[in-house]
Amino acid sequence: MPEMPEVETVRRTLEPLIKGKIISNVTIWYDKIIVNDADFFQRKVVGQKILAIDRYGKYLLIRLTNNLTIVSHLRMEGKYHFLDSDAPKQKHEHVQFAFSDNTYLRYDDVRKFGRMQLIETGTERRNTGIKNLGFEPNSEDFTLDFFLNRVKARKRAIKNVLLDQSIVCGLGNIYTDEVLWQSKIHPLSIANKIAQDSLVELFYDINNTIKIAIQYHGTTFHSFLDADGHTGKYQSMLKVYGKSGEPCSRCNTTLEKIKVNGRGTTFCPLCQVVYK
């Protein structure tokens with residue numbers, strides 16, 4: 001699944017391609033992509049101008065005139081293709097936005113898990129999945145005190161705590177493994193048992209890792225592409241994810257892989273401390 005740096009990369013590359021364009025027609029080939037009634041979605045969106053694209057966590061927020069916003073969640077393999085002509089439909093393309101200048105935006109999703117929801121702008125935290133999310137890394141609200149207080153109140157494995165999105169949003173499987181390795185915390189450590197200095201390190205590692213991953217346009221595994229069709233570059237900097245059986249770059253111990261709540265998890269059994 002694309003994580004926050006990947007979705008931010010899509011936002012940054014997609015916005016200059018479609019900002020200012022007027023939607024002249026919407027074609028929906030697979031209705032379930034649309035959370036609202038598909039006919040309602042089409043009627044409301046046609047004729048609107050794209051003002052900007054914002055993002056919260058892993059959600060894209062396509063801002064339209066008439067106080068409307070399309071909330072787009074890419075889920076596992078969703079991606080957008082910008083076309084300068086009406087090319088033949090591809091197998092996994094499910095929604096098309098035609099613009100008044102005869103350019104097109106298509107949503108492609110092999111697994112059909114992605115969703116689009118049309119809402120009144122400003123109601124994201126009431127009417128969409130964003131209402132369940134915590135704060136973003138590097139945001140004003142994501143403070144050290146907030147992070148420490150919330151983590152210390154949890155009695156679950158720290159990997160599960162970071163993945164549930166209610167404390168810090170945008171971390172997925174890849175970056176959770178990376179930040180836990182950086183802070184030398186075993187993924188099965190019980191959150192409220194972890195030493196405070198390690199949690200402080202974890203807080204700064206989360207912020208720094210997400211910042212650098214965005215600078216490098218995210219991580220490419222499987223099928224992630226930005227809106228220009230380019231892959232991310234951060235995978236060359238990964239220390240543990242996808243490296244099970246290889247030596248730890250810090251202590252040379254062989255990295256191991258286990259399941260944590262059903263998610264593949266790679267870690268160093270020597271230098272990542274278990275807190276129980």
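## A tour of the two sheets, their helices and the cores

Start with isoleucine 28, whose bridge partner in strand 6 is valine 95. The model on screen is a predicted one.

Widen the selection to strand 1 and strand 6. These two strands run antiparallel and are joined by five bridges. They belong to an open sheet of four strands, in the order 1-6-7-5, with antiparallel pairing. Its edge strands are strand 1 and strand 5 (79–83), each of which pairs on one side only. On average, and with direction ignored, neighbouring strands in this sheet are turned by 15 degrees against each other.

Now add helix 1. This helix packs on the sheet and touches strand 5, strand 6 and strand 7 (104–108). The direction of helix 1 makes about 30 degrees with that of strand 5.

Next, select the other sheet. Four strands form it in the order 2-3-4-8; this sheet is open, and the pairing is antiparallel. Strand 2 (50–56) and strand 8 are the edge strands, each pairing on one side only. Neighbouring strands here are turned by 25 degrees against each other on average, direction ignored. Strand 4 and strand 8 pair over six bridges, in the antiparallel sense. To see one position in this region, pick valine 71, which stands opposite glutamine 117 in strand 8.

Keep this sheet visible and return to helix 1 (residues 4–18). Helix 1 lies across strand 2 and strand 3, and runs at about 175 degrees to strand 2.

Move on to helix 2 (residues 38–45). At its N-terminal end, aspartate 37 acts as the cap, with a side-chain oxygen 3.1 Å from the backbone nitrogen of aspartate 39. Just after helix 2, glycine 47 has a positive phi of about 95 degrees.

Which residues of helix 2 are buried? They are Ala38, Phe41 and Val45. These residues lie on the same side of helix 2, because they cover an arc of only 60 degrees around the axis. Among the elements that cover them are strand 1 (23–28), strand 3 (59–64), strand 4 (68–73), strand 6 (93–99) and strand 8 (115–120).

Show both sheets to follow the course of helix 2. Helix 2 lies across strand 3, strand 4 and strand 8, at about 55 degrees to strand 8. Helix 2 also lies across strand 1 and strand 6, at about 165 degrees to strand 1.

Then go to the largest nonpolar core, which has 29 residues. Phe147, Ile158, Leu162, Leu202 and Ile206 have the most contacts inside it. At least two residues of this core come from each of helix 4 (144–152), helix 5 (158–163), helix 6 (173–182) and helix 7. Helix 7 gives the most, with seven residues. Apart from this core lies another, of 28 residues, including Ala38, Ile62, Leu64 and Leu105.

Back in the largest core, select isoleucine 158. Leaving aside neighbours within four places in sequence, isoleucine 158 is in contact with several residues, among them Val151, Leu180, Ile185, Ile194 and Leu202.

The last stop is asparagine 207, in helix 7 (residues 196–215). Is asparagine 207 buried or exposed? Its relative accessible area is 10%, so asparagine 207 counts as buried. A polar atom of its side chain lies 2.7 Å from the backbone nitrogen of asparagine 138. Beyond its neighbours within four places in sequence, asparagine 207 is in contact with Pro137, Asn138 and Phe142.

Methods:
Residues are numbered from 1 along each chain as its sequence is written. This is a predicted model: local features need pLDDT of at least 70, side-chain atom pairs count only at pLDDT 80 or more; totals for chains, interfaces and linings use all residues. Side-chain values use heavy atoms; hydrogens and water are left out. Buried means under 20% relative accessible area, exposed over 50%, partly exposed in between (1.4 Å probe, protein chains only). The arc is that of the directions from the helix axis to the C-beta atoms. Contact means heavy atoms within 4.5 Å. A polar contact is a pair of N or O atoms within 3.5 Å; within protein, one must be able to donate a hydrogen and the other to accept it, and residues adjacent in sequence count only if both atoms are side-chain atoms. Two strands pair if DSSP finds at least two bridges between them. Axes are lines fitted to C-alpha atoms, for helices over the stretch in contact, and angles run from 0 to 180 degrees between N-to-C directions. A nonpolar core is a set of buried Ala, Val, Leu, Ile, Met, Phe, Trp, Tyr and Cys residues joined through side-chain atoms within 4.5 Å.
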